[in-house]
Amino acid sequence: MSSLSRFFLLEEETQSPDQVPNWRVSALRIILVTGLLLCLGIFVNSLPAALAFELDYVLALTSGFTLTIGVLLTLSRSAYQLCAHLLMIAIVAAGVAIKLFIPLLPLAQLGSIFVYITPILALLLLGKRTAIFYAILNIAPFLMIVQHVNVSLIPPGERMLVDGDIYIHFLLFFFFNCTVPLAVWRTSLAASRLNLHMASNNELLASQKQIYQRFFQKSFHAIALVDQDLNIVEANEKARSLLGIQTQPLPCNFARVTQDDLSSLLINNDLFDADLNVFRVDERTIELASREYHSEQLCAWYLNDVSDQHQLQQDLLALDVAHQQAKYFDARTNLPNKTWLTEQLQVHIDRGRPFALLIAENLNKHVLDYLIDGELHKHLYGHINQVAEHDPSLLDQIAYIGAGRLAIIIEPDAPVLEVAQRWHQHLDFWLKLGQHQFHARYAVGIATYPEHGYIPERLLKNAQQACELRSPGDDLAIFDHGTRRQTLARHEMALLLEKALEHDELQIVLQSKHDNTHSVIGYEALARWHSPLLGWVSPGEFVPIAEEFGLVNQLTQRILHKVCFTLQSHPDIHVPIAINISSRDIACEQFARKTLAIVHSYGLSPRMFEFELTEYSFADDHNQIMEALDKMGFSLSIDDFGIGYSNIARVLASPIKRLKLDRSLVTQITSDQKQQALLLGILTMCDNLGIAALAEGVETQEQLNKLLELGVKEFQGYWFSRPVAVEQVLAKTHQMQEL
């Protein structure tokens with residue numbers, strides 16, 4: 001738009017100070033500008049003639065009107081109403097001046113005609129009342145023309161301004177053909193824009209009508225119309241019921257409906273996060289499913305009741321939290337578990353700084369298992385946590401990895417052995433657990449990063465090996481490559497043992513059991529292994545290997561087959577043969593059924609078999625398996641009784657027929673009165689329970705005599721017989737029968 005058009009028309013966005021419509025301001029300025037140009041032109045053109053003929057009134061009138069119009073133009077934007085009225089007065093004054101200073105009546109009447117323009121200009125600029133006033137005022141000049149009234153101050157024949165009639169005609173022509181049409185054109189332009197605005201409003205109304213039509217057409221949804229201030233402008237019945245505003249008048253702000261902050265759901269928020277479109281109304285959970293923008297101020301919200309889904313989501317979240325808890329924490333101890341430890345080890349490895357891993361193994365774990373239940377376990381490990389928390393120097397991470405073992409990650413500011421020693425001292429304490437005083441003692445194995453491994457599994461394994469394979473009497477050991485070589489040797493032995501079991505390389509020997517008359521009352525089957533690569537391997541070596549590498553069940557079954565074959569091949573053996581079984585055997589639910597099936601496959605009776613269990617087998621409740629074996633006809637006994645910490649109540653509840661007293665109760669029996677008193681107590685208990693007591697490790701006549709004196713009736717040991725092959729046992733049996 002050019003500067004001239006801006007000057008004449010103004011921009012629609014501009015507002016005059018007194019809030020006058022822009023088109024009226026534009027029309028006034030058009031009239032003033034054209035009037036100023038006209039007056040200025042008349043003044044300039046008439047100035048030479050007026051000076052030449054000394055027509056002072058011409059100079060006064062032209063200069064005065066020019067100055068007046070110029071002042072009005074200057075004030076038109078700041079004082080519109082005043083300028084418009086003064087313009088009307090100036091036009092009337094110009095008409096009067098023509099009547100007064102034009103001596104020719106026909107020409108003077110043009111002044112009256114000039115005043116006729118005032119009603120239309122007043123209608124454009126000031127309104128209909130002012131226009132009516134000037135229309136009535138125009139009756140006077142009309143009558144003066146009709147009556148040919150002459151009020152000229154200049155006598156007829158007096159010299160008049162040269163071309164004065166031209167100036168008057170030019171004035172009328174210019175106003176009627178230029179000024180007024182321009183003003184009317186500006187008015188028509190405003191009217192056109194008003195029509196466009198009305199059309200836009202009509203479209204908006206039509207759009208609003210469509211909104212309400214859609215709003216009610218979709219009444220099967222809960223829909224609320226919401227403005228920018230979160231006011232509910234309108235809502236259908238379902239939405240009212242959902243929001244609990246059936247009786248509240250609308251508009252109603254959401255603050256009266258919910259306490260939740262809904263600012264994230266404002267209609268001018270382009271980011272619609274599905275995770276934040278839920279809010280609470282009383283006990284219900286409401287979801288903003290979707291939105292429809294219908295204007296800058298109004299938006300339709302489609303609402304759903306998702307209370308059930310939200311509750312399900314909360315339940316699933318709680319399950320996920322419980323799953324994470326179960327994944328990373330041990331329920332028995334309330335400590336982090338092995339999974340957590342592995343991840344923390346990886347975090348420390350990723351940092352790249354040296355650290356150490358300690359594995360602390362409970363040396364009295366079996367006692368612990370006998371004495372306490374799950375809740376007391378938590379008490380024990382809670383005490384260990386308190387020990388760490390109360391010592392500022394022990395700000396380390398602790399985890400429980402099973403089998404009575406703790407794993408501790410340390411980032412020492414002192415030598416590793418010094419920190420490990422401090423931990424070892426803190427893990428040596430007495431604690432009352434239930435009705436028992438428990439002595440917690442731990443052996444500690446150490447592996448360091450990066451010296452002993454670059455991955456969590458290797459560090460953990462090496463620390464465990466350092467703990468397991470420490471030297472006798474040492475409760476603190478650091479991993480070294482010699483330990484690794486020992487571990488590899490154990491793996492190699494496990495592989496050879498597995499192959500030996502497959503190829504039936506193991507043999508059995510029998511050691512006899514005797515009563516106080518030296519008669520044989522049974523045998524114990526002991527395994528022997530001669531490896532083509534290793535030679536003779538002691539049971540003290542390969543039995544722990546079988547336990548460690550999960551081969552003990554195969555070993556037990558192989559020995560059972562051997563004993564069954566022996567009894568089947570030598571029907572003259574009429575006494576039971578005992579077989580040692582481990583806690584892993586008795587923990588197998590199918591052990592009793594499989595054992596009976598093997599025995600029946602050889603056509604033998606379960607009465608010919610006795611199973612010897614260590615005291616440690618009673619750490620877990622396997623009474624059902626033992627009772628099943630007892631009902632099938634197998635005899636059960638406790639081996640090496642006296643070196644463990646058997647719970648007498650468990651012994652009473654188990655179908656045990658015999659206690660085999662460990663050789664440690666026999667070695668000093670001839671001289672140690674405490675040992676004698678302990679043995680007498682055990683014998684009394686066995687008599688009261690109806691359980692046989694057998695003394696193991698009898699090697700001298702003096703021991704035998706003292707045991708007979710104390711009341712022992714069953715014996716086993718080198719004094720009677722060493723473990724020998726089956727053929728030697730049979731030969732010795734035949735000799736005794738011949739005697």
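Trainee: Which strands does helix H15 lie across?

Mentor: In this predicted model, helix H15 (residues 416-426) lies across E9, E10, E11, E14 and E15. The direction of H15 runs at about 155 degrees to E14.

Trainee: In what order do the five strands of that open sheet stand, and what is their pairing called?

Mentor: The order is E10-E11-E9-E14-E15, and the pairing is mixed. Neighbouring strands of this sheet are turned by 20 degrees against each other on average, direction ignored.

Trainee: What makes E10 and E15 edge strands?

Mentor: Strand E10 (397-402) and strand E15 (476-478) each pair on one side only.

Trainee: How do you know that E9 and E11 pair?

Mentor: Two strands pair if there are at least two bridges between them. Strand E9 (residues 355-362) and strand E11 (residues 405-410) have six bridges, in the antiparallel sense, so the requirement is met. One of the bridges has Ala-356 with Ile-410 in E11 as its partner.

Trainee: Which strands of the sheet does helix H12 touch?

Mentor: Helix H12 (residues 338-351) touches E9, E10, E11 and E14. Its direction makes about 135 degrees with that of E10.

Trainee: Why is H3 called roughly antiparallel to H4?

Mentor: Helix H3 (residues 56-75) and helix H4 (residues 80-101) pack at an angle of about 165 degrees, with their axes 10 Å apart. Angles over 145 degrees count as roughly antiparallel, and therefore H3 is roughly antiparallel to H4. Their crossing is left-handed.

Trainee: Which residues make the contact between H3 and H4?

Mentor: On H3 they include Tyr-57, Leu-61 and Phe-65, and on H4 they include Tyr-80, Cys-83 and Leu-86.

Trainee: Is Ile-232 buried or exposed, and how do you know?

Mentor: Buried means under 20% relative accessible area. Ile-232 has 0% relative accessibility, so Ile-232 counts as buried. Its place is in strand E2. Not counting residues up to four places away in sequence, Ile-232 touches several residues, among them Ala-224, Leu-243, Pro-251 and Phe-254.

Trainee: What share of the protein is buried?

Mentor: Buried residues make up 45% of the 739 residues.

Trainee: How many bridges does E2 have with E3, and what is the partner of Ile-232?

Mentor: Strand E2 (residues 231-235) and E3 pair in the antiparallel sense over two bridges. That meets the requirement of at least two. In E3, the bridge partner of Ile-232 is Cys-252.

Trainee: Where do E2 and E3 stand in their sheet?

Mentor: They belong to an open sheet of six strands with the order E3-E2-E1-E6-E5-E4 and antiparallel pairing. The edge strands are E3 and E4, since each pairs on one side only.

Trainee: What makes the bond between Leu-250 and Pro-251 stand out?

Mentor: Most peptide bonds are trans. The bond joining Leu-250 and Pro-251 is cis, with omega about 5 degrees. Pro-251 is in the loop between helix H10 (237-243) and strand E3 (252-253). The peptide bond from Tyr-449 to Pro-450 is also cis, with omega near 5 degrees. Pro-450 is in the loop between strand E14 (442-449) and helix H16 (456-468).

Trainee: What is notable about phi of Asp-282?

Mentor: Most residues other than glycine have a negative phi. Phi of Asp-282 is near 55 degrees, a positive value. Asp-282 is in the loop between strand E4 (278-281) and strand E5 (284-293).

Trainee: Why is Asp-282 called exposed, and Asp-504 partly exposed?

Mentor: Exposed means over 50%, and partly exposed lies between 20% and that value. Asp-282 has 62% relative accessibility, so Asp-282 counts as exposed. Asp-504 has a relative accessible area of 34%, so Asp-504 is partly exposed. Asp-504 has a positive phi of about 55 degrees as well, and its place is in the loop between helix H17 (481-502) and strand E16 (506-515).

Trainee: Which elements make a right-handed β-α-β unit with E22?

Mentor: Helix H24 (residues 673-689) and E23 make that unit with E22. Strand E22 (residues 658-661) and strand E23 (residues 692-695) pair in the parallel sense over four bridges. One bridge has Leu-659 with Ala-693 in E23 as its partner.

Key: Residues are numbered from 1 along each chain as its sequence is written. This is a predicted model: local features need pLDDT of at least 70, side-chain atom pairs count only at pLDDT 80 or more; totals for chains, interfaces and linings use all residues. Side-chain values use heavy atoms; hydrogens and water are left out. Buried means under 20% relative accessible area, exposed over 50%, partly exposed in between (1.4 Å probe, protein chains only). A crossover is right-handed if, with the strands pointing away from the viewer, the path from the first strand over the helix to the second runs clockwise. Axes are lines fitted to C-alpha atoms, for helices over the stretch in contact, and angles run from 0 to 180 degrees between N-to-C directions. Angles under 35 degrees count as roughly parallel, over 145 as roughly antiparallel, 65 to 115 as roughly perpendicular and the rest as oblique. A crossing is left-handed if the near helix is turned anticlockwise from the far one by less than a right angle, and right-handed if clockwise. Contact means heavy atoms within 4.5 Å.
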